[in-house]
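Visitor: I'd like to learn how to read empty space in a protein model. Could you walk me through it?

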Amino acid sequence: MATIYIENEPRQADASQNLLHVLLSLGYDLPYFCWHPALGSVGACRQCAVKQFRDEQDTTGKLVMACMTPSLDGTRVSIKDREASEFRAAVIQGLMENHPHDCPVCDEGGECHLQDMTVMTGHATRRYRFGKRTFRNQYLGPLVNHEMNRCIQCQRCVRYYREYAGGHDLNAFRLRDTVYFGRFEDGVLENEFSGNLVEICPTGVFTDATLKRHYTRKWDLQMSPSVCVHCAAGCNTSIGERYGALRRVINRYNHEVNGYFLCDRGRFGYEFVNNEQRIRECVVNGQTADLSGAMVRFGAILRDGKCIGVGSPRASLESNFALRQLVGPDNFYSGVPDEELSLTQTALAILKNGPGRSPSLNEVEQCDAVFVLGEDVTNVLPVMALRLRQAVRQQPIQKAKQLKIPLWLDQPVRELLQDEKGPFFIASPYATKLDEVAVERVHAAPDNIARLGFAVAHAIEPGAPSVSDLPAEMEALAHRIAEALRSAESPLIVSGTSCGSRAVIEAAAQIAWALHRTGKAAKLSFCFPECNSAGLALMQPQPLSKAFQALEQGRAETVVVLENDLYRRAETRKVTAFLDAARHVIAVDHLPTSTTERAEIVLPAATFAEADGTLVNNEGRAQRFFQAFVPTGQVRASWRWLGVRPEADLSTNGHKWQAFDQVVAALVNDVPELAGVQQAAPGHGDFGKVAREPNRYSGRTSMLANISVHEPKPADDPDSALAFSMESGPQAPPPALNPFFWSPGWNSIQSVNKFQHEIGGALQGGDPGIRLIESKAQVVPQYFSEIPSAVAPDRVNWLILPCFHIFGSEELSRTAPAISELVPSPYIAVRPEDGALLGVKSGERIKLSVGEEACELEVAFRTDVPQGIALVPSGLSPLNGLRLPAKGRLVPVAEAAYGVVK
Ligand code: SF4
Ligand code: SF4
Ligand code: FES
C-alpha cells in the first residue's frame, strides 16, 4: 500500500495500480473514456487529466493523465485544480465537436457514459457551429447495430474486440479525424463476444440490435437480477421488461463468475421468452382449458397414482425438487441421457472427493498453464473461453513484472509480449477457436485424447499408470505438457462431458491428482451441458432409462415431464414408445415441443424472466435468479404447478408452498447436498424492499390507460425482497438482490465502479452465489487404472461425434429470432480424404445410420476432423435424440437409394 495525497488529504492506495483506478476505487468522480478495468490504460482520450504536485511546496504542479500515472507513495494530486478541470472540459468540448448530439434518438441515451462524463466535466454549451464529420454505418449482423457518427475515438472497441476477445474482423481504419471503427466490409461480426461492444463503447456507436426491435428507454425497464440459462457458466445478468415483454439482457458484474462480460448467446438468446408460440394457457387433450378445469383433471390423474416424474437440467432446483416431492425420490428421473447423468455425477464426485479445486471463472483467468481435454470451450461454456484467453498471458506477463512495467500499462506490456503465449494445450476431437492461442493442439478421437491425458499424468508422477503403445510423437507431447504443468504456479485442467467419454474425464482428474502428489495444487474445471446440469445431478435422480423401464413394465402409468423435450434426450423410437406406454402424459414447459405435443395436459411454465429459482453452475456455485415481471395468462413457475397435494381439491387450493422461501427450506432439508442453497440469496423477509424499477421509471400511471384509467396496484411479490415498483427501502440491496447498477451521476453500466470494493474486484457485500462443492486437498484418491486402447480409424463403423455451436446447439436461445439467423444448417463433416473414400463431394448428401435411426445430411469437408470420424452438429441434426458418441454407417444418398451398403 502507498500513502497518496488527494486534495492534500492522505489516503491509502494500492501502489501497483494507476491513479485513475485508485481514485475511482476511493469513490472520487473523475471522467475517463479509453481506460477500462479489464483493458488497462493507453492514455488515448486525455479525459482523465489531474494536476500532480511534486511535494507540499509545489503550488504549480503539472497536468498528468491519471490512467497513465502510477500511485507511488507520496504522490500528490488534485482533481479539483482549475487548470485540470478546464483541460478536461476542453477535451470533452473537442470530442463533442463531431458528436451528433442526437441523444434524444440515440439507443444509448439515458445510460450513456459520454453523457455522464459530459455532465461531470460541466460542458453544457455547444459553441461549434460548423458542419460535422459523418460516416456511413455498416451492417454488422442481427445482434449489434452501428452508428459511427457518435464515435469519440477512444479505441476501446478495437482493443476489447481484438486484444481481449480475440476477434479479427473489427479494426480502426483511416487517419486523423476520419478514423473509422468497423469491419473491412459490411458483414456479421464473427466474434462470439461481440455483444460486449454495446457496453464497452462509451457512446452509442455499438448498440443492441435486438433491443432496437422493441425499443424501450433504459429507465423505463422493470429489472431483476438474473442468471443466464443458456449454458452452465451461470453468468450474472440484469434483465429488463416493459409491457409484459423481456426487452434486453445486460451484464451484471460478478467478480468470480462473468466479470464484465457475457457471450452473445447469453446476451441475445433471451427473446425465446417473447416467442409468439409461448404456451400461456393450460391445454387439456389439445384444447385450451380454464385453470380450474385443468387442475381438476391434473388432480384426478395424480390421485390415480403410479406417477413418475422426469426432471430437467434447464429447470431450476426448486422446480425439479417440486417434481421430486410430487412423485417421490424413487420415481424422480433425470431427464438427460444416462451417460450424460453418469458423466456429470462422475465429474462432481471427482471434484468433491479429490484435491482438484473447481475454480471460479475468475480463478480460471489467473491460472498460468492450461490443458484442455475434449472440450470445445468457446461453443460449450463460452465465457470460460474468454477467461482462458487471458490465462494464456499469465506466464509471459511475468516478463513485464521483471522489467518493472506496471501491468496496467497496456501498450508497453503488449509490445513486450508480442504474440508470446503461455503454456496452453488443447486435445479435442476437432479444431476449436481457442486453438489459435494454444502452443500445441491435437485433434483425436476421445479415447486417444484420454490416453494422452493418462500419459501426461504418468509423465508428471511415475506412480500413475503408464500408457502402452503410445505413438512417439504423443509420448513426446505428453512430456512437454507434463513439464509445463509441473513448472507452473497454478496449473489448470479443463475437461467435461462434451465428448461423452468417461475416460477423458478420468484422465483429466488423473493429471490433477498426479500434480497434487508432486506437491502442486492443480485446479480442475469441468464443462457441463446445461445451466442446471450440476444441480440436477446433485439431486441424485434415477437414470432416464429406468423411467422407460418403469412404464414398459407397468410399474407406472402417468409421467410428468418438467421443462424438457424428451426427443432431444433419447432416440425418437424409444421416446415415442415411452409416451405411448403412458396412460397420462403431463408436460410443464414454456414452448411447444415434440413432447408437449404428446401430452394430455400441458401446463404453461414461467421462464427465468417470470419466476424465481436457483441454478448450480459448472463451478458448483448455486445462484438465484429473480422474476422481472408477472407473466400473462395462466403462466406460473413450474414449482408452483408441481408443488401440490394431490389429495386436495386442486381447483381451489392444494398448494404445498405459498412462497418461494418455503420450497427452498424444504429442499435444503430434504437434499443434504444442496444445504447451502438457502444462502445463495436473501429470502423474502431477510431484507427490506428492493425496487425493480429505477427512480426515473415513467408512465407508471398511464401505461395501462387504454385498458383502465385507474392505476392498478402493483403486483405483490411473495417470493422475494424485490418489489414491482419504484419504492425501495433505505439500504442499498446486497449484490444478489441488486437488479441494476446505478449511482448518482453514473447512469451507464460503468456505475459498477461504485459497487466494488476496489475497481475490477469483488462487489461490496460479496459476489453473489454460494459454492456447494469444495475439494478435499488432503485426500488423493487412488489412480484410475483403466486406460482405453488406442482407436484406429474405422471407415465401416464410423465414429460419430457431436460438434457444438454457440448458436444452435442450445435449445432455448436458438428460438430467439436474432440468434436463429446465425444457426447453421444441419451437416455431417468428414475429412476430405474420407469423403473421397466414401465417394462423396462437399455439398452432396449422405445417409447416416446409427442403430435403427437414420437421416440424410449435407456433407462438409473439414481437414481438422480425424480420420474415421464424422461430426454432426449437436442439437441440430435431424437425429436430435441420438446419443453420441456412437458408431454409425455412412452411405452416399445416391447409393443408399439403390440399397448399397459400404
Ligand atoms: S466506436 Fe465507441 S468504443 Fe470504439 S472508438 Fe468509437 S467511441 Fe470508442
Ligand atoms: S457463457 Fe453461458 S452463461 Fe455466460 S452469457 Fe454465455 S451462455 Fe450465458
Ligand atoms: S482514460 Fe486516461 S487518457 Fe483516457
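Visitor: Let's start inside. How much space lies in the largest cavity?

Guide: The general idea comes first. Rolling a probe the size of a water molecule over the atoms shows where empty space is left. Here we have a predicted model, and its largest cavity holds about 210 Å³ of space.

Visitor: Which residues that line the largest cavity are closest to its centre?

Guide: Look for Glu108, Glu111, Val198, Glu199 and Arg248, out of 19 lining residues. Then check the elements around them: helix H5 (197-200), strand S9 (206-208) and strand S12 (245-251) each give two or more residues to the lining. S12 gives the most, with three residues.

Visitor: How do the lining residues of the largest cavity divide into nonpolar, polar and charged?

Guide: You'll find seven nonpolar, four polar and eight charged residues there. As for the overall tally, the model has 13 cavities of 30 Å³ or more.

Visitor: Now for open spaces. What volume does the largest pocket have?

Guide: A pocket is open, whereas a cavity is a place the probe can't get out of. The largest pocket comes to about 1,200 Å³. Its lining takes in 43 residues, and nearest the centre are Gln17, Pro37, Ala38, Glu365 and Gln366.

Visitor: Which elements give two or more residues to that lining?

Guide: Four helices are on the list: H11 (361-366), H13 (382-391), H14 (397-402) and H15 (410-417). H13 has the largest share, four residues. By type, the pocket lining splits into 19 nonpolar, 16 polar and eight charged residues.

Visitor: Let's zoom out. How many helices and strands does the chain have?

Guide: Count 27 helices and 35 strands. The radius of gyration is 28 Å and the globule rule gives 29 Å for 902 residues, so the chain is as compact as a globular protein of that length. Along its principal axes, the C-alpha trace spans about 90 × 75 × 55 Å.

Visitor: And what percentage of the residues is buried?

Guide: Buried residues account for 62% of the 902. Contacts add to the picture: of those between residues at least 6 apart in sequence, 74% join residues at least 24 apart.

Visitor: Can we try one residue? Is Gln52 buried or exposed?

Guide: Gln52 has 18% relative accessibility, so it counts as buried, the cut-off being under 20%. Gln52 sits in strand S3 (residues 49-53). Leaving out residues up to four places away in sequence, Gln52 touches Asp58, Gly61, Lys62, Val64, Thr69, Thr75, Arg76 and Val77.

How values were computed. Residues numbered from 1 in each chain as written. Chains lettered and ligands numbered in written order. Predicted model: local features only at pLDDT ≥ 70, side-chain atom pairs only at ≥ 80, totals over all residues. Heavy atoms only, no water. 1 Å grid on protein atoms, 1.4 Å probe; cavity = no way out; pocket = protein on both sides within 12 Å on 5 of 7 lines; lining within 4 Å. Points joined across faces, edges and corners; volume = space filled by probe spheres on them. Nonpolar A, V, L, I, M, F, W, Y, C, P; charged D, E, K, R; others polar. Rg over C-alpha atoms; globule rule 2.2 N^0.38 Å. Buried < 20%, exposed > 50% of the residue type's maximum accessible area, 1.4 Å probe, protein only. Contact = heavy atoms within 4.5 Å.
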